[in-house]
Amino acid sequence: MNLQFLGAAHTVTGSCFLLEVNEKNILIDCGMFQGGRQLRERNYEPFRFSPQEIDSVLLTHAHIDHCGLIPKLCREGFKGKIYATKATCDLAKIMLPDSAHIQESDAEIMNRKGLRVGRIPIAPLYTIADAEKSLLQFKAIEYDKKIEINDNISAVFLDAGHILGSAIIEVYVRENNEKPVKFVFSGDIGQPGQPIIKDPSYVDNTDYLIIESTYGDRLHEIYDKESALAEIINDTIERGGNLIIPAFAVGRTQKLLYYIYRLWKQKRIDDIPIVIDSPLAVAATEVFAANMKNFDKQTIEMLKRSGKLSEMPQLKMCRTAQESKALNSSEGSAIIISASGMCDAGRILHHLKHNLWRPESTILFVGYQAEGALGRRLVDGIKRVKILGEEVAVRARIFQLDGFSAHGDYKQILDWVSHIHMNEPQQIFLVHGEPLGIQSLQEKIKKEYKKYNIYAPFYADTAHIENTKCTIISTDIPEVAVEKEMEEFLQLIDSEYRQWRKKLLAAVIRNPQIMESSMRQAQKGWRYVKRIFKDFGIN
């Protein structure tokens, strides 16, 4: 049998894994690549398999980087079932048509500009009709119940505690009458203790573990999130600005509403207008309300005591473009929560365009920002950006509050792994991460579990499994070869940095006066490095 890694390999997005068993082909996720242009271009490349030959799809959850290419898959010939939890099916009904709308809009804008310079019109990645047709192939299943995919493959969906409906998928495989082999696909492992969503389920055992590493090098800060949020809200109101929060429509928006609702009930913030400016987020919030049985006990008890979020009189749901545009001409302060969470597309771009240049406004990030995304550049301190074709100075205050993430950090991932008994050959694959995060988590797991074989696959790598022996076969793709060389280079830099940091720290302890001089030299060095980047066209 073969397991091929066709996404989320040395990158966070594009989740897609192909499991080939006895001439049966199962996809686990079929997600869209998000981030920089080079990564996004993979969405337009042909699949590295024939969609007609895929028998079934198992979907971990409804985030677009896990399900966003399903309409393309179905349009190109996939006719099988797409298994997902009921809540994931409900969310997909709004997520996929919304994604298709973005594809159509982007294609229309590019074609309008292209016609002026004589370019050939391009087709959208997929259309709303493609998305709606693909939804007919979804089949809702329940948590913790084994389903038979075919004679040789079965699966169990466990609660991943990431977003509503998210799942860890156990896949049981029998090939050529041999001993059954168990795969566990973690999907995105949630952060325990987050509001609304239940904590992740534990897995007893597995032969092969495919696990995310998004926060493989980071710990969530333990602090009073509500107080930090209240301080930012109140300070922005006093300054007379808007608080703009880029947030994923599914999961993050609902969590923010939970915290803001509590602050309002406790009278820790004024009756400032709260605007959800995303039709997708509005629809997702309605899906959440219809799936309350999946909420954790604390949230259900709070809603029973205090009423529903919709009772906040200052809460406004923007559904139309006209309502959205009107926000940027209204007087007074407001909290505006809009998508997308990484600022790659959507109405958030308009709000950034109208608020980034205002010193009295605040941009608050509460989620992961992938390399290449506009959100990442803002967090990293860029002073000028181009939004919707216009140069905008960055004068607003930029904040990032950690701990709101729906992903577990490396300690929480390690705790989750500690409950699993790994069968021979004790093979772990690290996916859904950037190189340094993957490297960090790999080192931590290796230190804790010395017997485990750990590999971080690159794009299109294949794990060939036969008689409990696992062999990695790399696909010869030029861009992947460069990626591997670049990772080795970055690891070398990281290693050198760690050694330099230790030496500098020891020197400063011996002679504190050298700190100021060292800082000046470091700043000069960084300016020199940035000049080199600029020469190569890297901003």
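Me: What stands opposite Arg384 in E18?

Reply: Ala393 in E18 stands opposite Arg384. The model is predicted, so local features are reported where pLDDT is at least 70 and side-chain atom pairs at pLDDT 80 or more, while totals for chains, interfaces and linings use all residues. Residues are numbered from 1 along each chain as its sequence is written, and side-chain values use heavy atoms, without hydrogens and water.

Me: How do you know that E17 and E18 are paired?

Reply: Two strands pair if DSSP finds at least two bridges between them, and 4 bridges join E17 (residues 384-387) to E18 (residues 390-393), so the requirement is met; the two strands run antiparallel. Strands are themselves DSSP runs of E with at least two residues, and helices are runs of H or I with at least four, both numbered from the N terminus. The hairpin of E17 and E18 has 2 residues between the strands, and Leu388 takes a positive phi near 50° in this hairpin.

Me: What makes the side chains along E17 an alternating set?

Reply: Val385 and Ile387 point to one face and are buried, whereas Arg384 and Lys386 point to the other face and are not buried. Buried here means under 20% relative accessible area, with exposed over 50% and partly exposed in between, for a 1.4 Å probe and protein chains only. By that criterion, buried residues make up 54% of the 539 residues in the protein chain.

Me: Why is the pair of Tyr449 and Tyr452 called stacked?

Reply: Rings of Phe, Tyr and Trp (its six-membered ring) pair if their centres lie within 6.5 Å, with planes under 30 degrees apart counted as stacked, over 60 as edge-to-face and the rest as tilted. Tyr449 and Tyr452 lie 4.9 Å centre to centre with 10° between the planes, so they form a pair and count as stacked. Tyr449 has a relative accessible area of 18% and Tyr452 one of 8%, so each is buried.

Me: What makes Phe288 and Phe295 a tilted pair?

Reply: Their ring centres are 6.3 Å apart and their planes stand at 50°, so the pair is tilted. Both Phe288 and Phe295 are buried. A search of the whole structure finds 12 aromatic pairs, and ring pairs link Phe5, Phe17, Phe183, Phe185, Tyr208 and Phe429 into a cluster.

Me: How do you know that the charged end of Lys72 sits over the ring of Phe47?

Reply: A charge sits over a ring if NZ of Lys or CZ of Arg is within 6 Å of the ring centre and within 35 degrees of the ring normal. The charged end of Lys72 is placed over the ring of Phe47, 4.7 Å from its centre, and the charged end of Arg218 is placed over the ring of Tyr215, 4.6 Å from its centre.

Me: What makes E7 and E21 edge strands?

Reply: Each of them, E7 (147-148) and E21 (453-455), pairs on one side only. They belong to an open sheet of 7 strands in the order E7-E8-E9-E10-E11-E20-E21, with mixed pairing. E7 is joined to E8 by 2 bridges in the antiparallel sense, whereas E11 and E20 pair in the parallel sense over 7 bridges, and E20 and E21 pair in that parallel sense over 3 bridges. Two bridge partners place these strands in register: Thr206 has Met422 in E20 as its partner, and Gln427 stands opposite Asn453 in E21.

Me: Why is E20 called mostly covered?

Reply: Of its 11 residues, 8 are buried. Helix H14 (residues 435-448) lies across E11, E20 and E21, running at about 160° to E20, and E20, H14 and E21 make a right-handed β-α-β unit. Right-handed is used if, with the strands pointing away from the viewer, the path from the first strand over the helix to the second runs clockwise.

Me: Why is one side of E14 and of E19 left without a neighbour in the sheet?

Reply: E14 (315-318) and E19 (397-400) stand at the edges and have a single partner strand each, so one side of each lacks a neighbour in the sheet. This open sheet has 6 strands in the order E14-E13-E15-E12-E16-E19, and the pairing is parallel. At one edge, 4 bridges join E16 (residues 362-365) to E19, and Leu364 stands opposite Phe399 in E19.

How values were computed. Contact means heavy atoms within 4.5 Å. Axes are lines fitted to C-alpha atoms, for helices over the stretch in contact, and angles run from 0 to 180 degrees between N-to-C directions.
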